[in-house]
Amino acid sequence: YIQAATSPKDVIIVVDVSGSMKGLRLTIAKHTINTILDTLGENDFVNIIAYSDYVRYVEPCFKGILVQADLDNREHFKLLVDELHVKGEGKVKNAMKESFKVLNEAAALGQGSLCNQAIMLITDGAMEDFKDVFEEFNWPERRVRVFTYLIGREMTFAENVKWIACNNKGYYTHVSTLADVQENVMEYLHVLSRPMVINHDHDIIWTEAYMDSVLFNTQAQSLLLMTSVAMPVFSKKEETLSHGILLGVVGTDVALRELMKLAPRYKLGIHGYAFLITNNGYILSHPELRPLYKEGKKLKPKPNYNSVDLSEVEWEDTEEKLRTAMVKGETGTLSLDVRSSVDKGTRVIFLKNDYFYTVINETPFSLGIVLSRGYGEYIFTGNVSVEEGLHDLITPDLTLANEWTYCEIDIDPAHRKLTQLQAVVKYLTGKEKDLHCDAQLLQQTLFDAVVTAPMEAYWTALMLNTSDMDDGIETAFLGTRSGLQRFLKYTGIEKRVGKSFLTPTDKENMFTLDHFPVWYRRAAEYPAGQFLYYMPRQDTRAGRIVISSTAVTVTVGKKTTIAGVRNDGVVVITTPDQTVRHCIHLSTFSMTYWLQVQAARSLYL
């Protein structure tokens, strides 16, 4: 509401800490300052000056400047305000001179918000001669608005305080009790909104990220990062149009993960990802942003979760070229050598990443796309009929990435309880023709389903022929770039060591909105056809598991790609921690892809 109703602003809060402000008056003054701080956002700039016999900044490090009113600075100011004490005689003239000096220098140097400027004077009204300071620094333009707050029940000096506000395009209010603070502080918003309303300058605003609950999600996902988009609503009646009457604000909340769906996971490749930042450099969405922590069985937001800077996660950008360009809203590209961590930070992959970035029009956000070199240069496509694909899609060993958007299930309330696989099947069978689905992704998924179908029979044959099975084999599974997974459990849940492996709670090893599975990414870094063995960071009372994985590639001429319909194929087996003697035969799987290549001949750059 506040951001939509006003424009960005520079605010100096001037508080009287003379002896007459002792007791309840000081308590009310502190509460007034904190309430004003709560009305400020990341696009505003602020400082606080306290005065009595002399002028001092509540934070000496911020002397003579304006600082961004982000969450960290606002909370820091609140702590300092709480330590204020009263003493001496109130001399407001020098405090006002210092305030005008800071605001004028910021405007001259092109610093601060470059928009509205205001001084918030909080006092009990006892002051010496003060009128000439406004004539010297603020008249006749009256560029800086002065809002005054008369603290306490005493009205003796009310005329002085009212004169200051009325002669400097501000607003006077009397705050006699703590209960009056909230309502009276908010009055300044309507004054600042009048020029915007009269000029019909009602820009759409987007807020900084915040945490909120979302319906139709599981409990573990109920807390999501959100942003709000809003705009002011003003009176259009001719008789009141010149008065600038703000009727209210209209807006809606948007889950940031919905914005990230603009860059589908399957188009970004194995190590690629997308991220969003604000025009202040703070992250809205990034695979390395982990805003929640677990306390018992509940997920809670971390402190300052919405003020994590891009430089804290893209730390290879040592000169901050990427951050600076995105904050300025520029469009461009940048290449960096990076070290990417996988498996909860226990392993490192060295990559050469290309960063593509641009501003999102009519928002303060910039979108970044990261693509790793050596992946996606060649892609493999093919076609199958819907009937053939559906036959192999509806099998018990197959799952799809439920965080991906194969079909939009959030538009119609009747679809919200469907999984992505259920939605795909209903759409392809014609039972839900109104669903909006990604035709390209569905084509890849159907092709993957047909190509990987023989693996189910192969794994089943191994399970039935006990002479070919080594002891300890728990699971066989594969994944493709379309988010499709097939798996077969060789042991029952009561005997299984990796009980959580490949379950919905095992985010590291599943296709998610942020990343491909760990075993998938690690296999892609290893020579195709050779098995990579590693122990994931999963300790259980029953012991640990070993994962062995390999990439399956197809070569046509001099062009090689990891197998699949614009996808990568990975086959994995898990075994308890022992000498691994089992090696799956990939001939059947590779031959299937080869036959499809010969039929489609559609490997292209």
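In which loop is the place of I245? In this predicted model, I245 is found in the loop that runs between β10 (223–234) and β11 (246–255). With a relative accessibility of 34%, I245 counts as partly exposed, because that value falls between the 20% under which a residue is called buried and the 50% over which a residue is called exposed. I245 also belongs to a nonpolar patch on the surface, which it forms with V233, L247 and V250, and the accessible area of these residues together is about 320 Å².

The two strands that flank this loop are also partners, since β10 and β11 pair in the antiparallel sense over nine bridges. Within this pairing, V229 has T252 of β11 as its bridge partner. Strand β10 pairs with other strands as well: with β8 (residues 205–206) the pairing is antiparallel and covers two bridges, and with β9 (residues 210–213) the pairing is again antiparallel and covers four bridges. In the pairing with β8, W206 has V229 of β10 as its bridge partner, while D212 stands opposite L224 in β10. V229 therefore has a bridge partner in W206 and another in T252. Strand β10 is mostly covered, with nine of its 12 residues buried. As a general point, the side chains of a regular strand alternate between the two faces of the sheet.

Elsewhere in the model, helix α2 (residues 24–38) consists of 15 residues and reaches 21 Å from its first C-alpha to its last, which is close to the 21 Å expected at 1.5 Å a residue. The buried residues of this helix are L26, I28, A29, K30, T32, I33, T35, I36 and L37. In an α-helix there are 3.6 residues a turn, so residues three or four places apart point the same way.

A further loop, between β24 (485–489) and α16 (518–524), contains T512. T512 is buried, because its relative accessible area is 5% and the cut-off for a buried residue is under 20%. When neighbours within four places in sequence are left aside, T512 is in contact with R265, E403, W404 and K507.

For the protein as a whole, 17 helices and 29 strands are found, and buried residues make up 51% of the 605 residues. Among contacts with a separation of 6 or more, 67% are between residues 24 or more positions apart. The accessible surface comes to about 28,400 Å², and carbon and sulfur atoms account for 52% of this area.

Note on methods. Residues are numbered from 1 along each chain as its sequence is written. This is a predicted model: local features need pLDDT of at least 70, side-chain atom pairs count only at pLDDT 80 or more; totals for chains, interfaces and linings use all residues. Side-chain values use heavy atoms; hydrogens and water are left out. Buried means under 20% relative accessible area, exposed over 50%, partly exposed in between (1.4 Å probe, protein chains only). Contact means heavy atoms within 4.5 Å. The expected span of a helix is 1.5 Å times one less than its number of residues. Patches are made of residues with over 30% relative accessible area and no salt bridge: like charges are joined within 9 Å, nonpolar side chains (Val, Leu, Ile, Met, Phe, Trp, Tyr) within 5 Å. Accessible areas come from the Shrake-Rupley method with a 1.4 Å probe; for residues, only the protein chains shown count as cover. A salt bridge is a side-chain nitrogen of Lys or Arg within 4 Å of a carboxyl oxygen of Asp or Glu. Two strands pair if DSSP finds at least two bridges between them.
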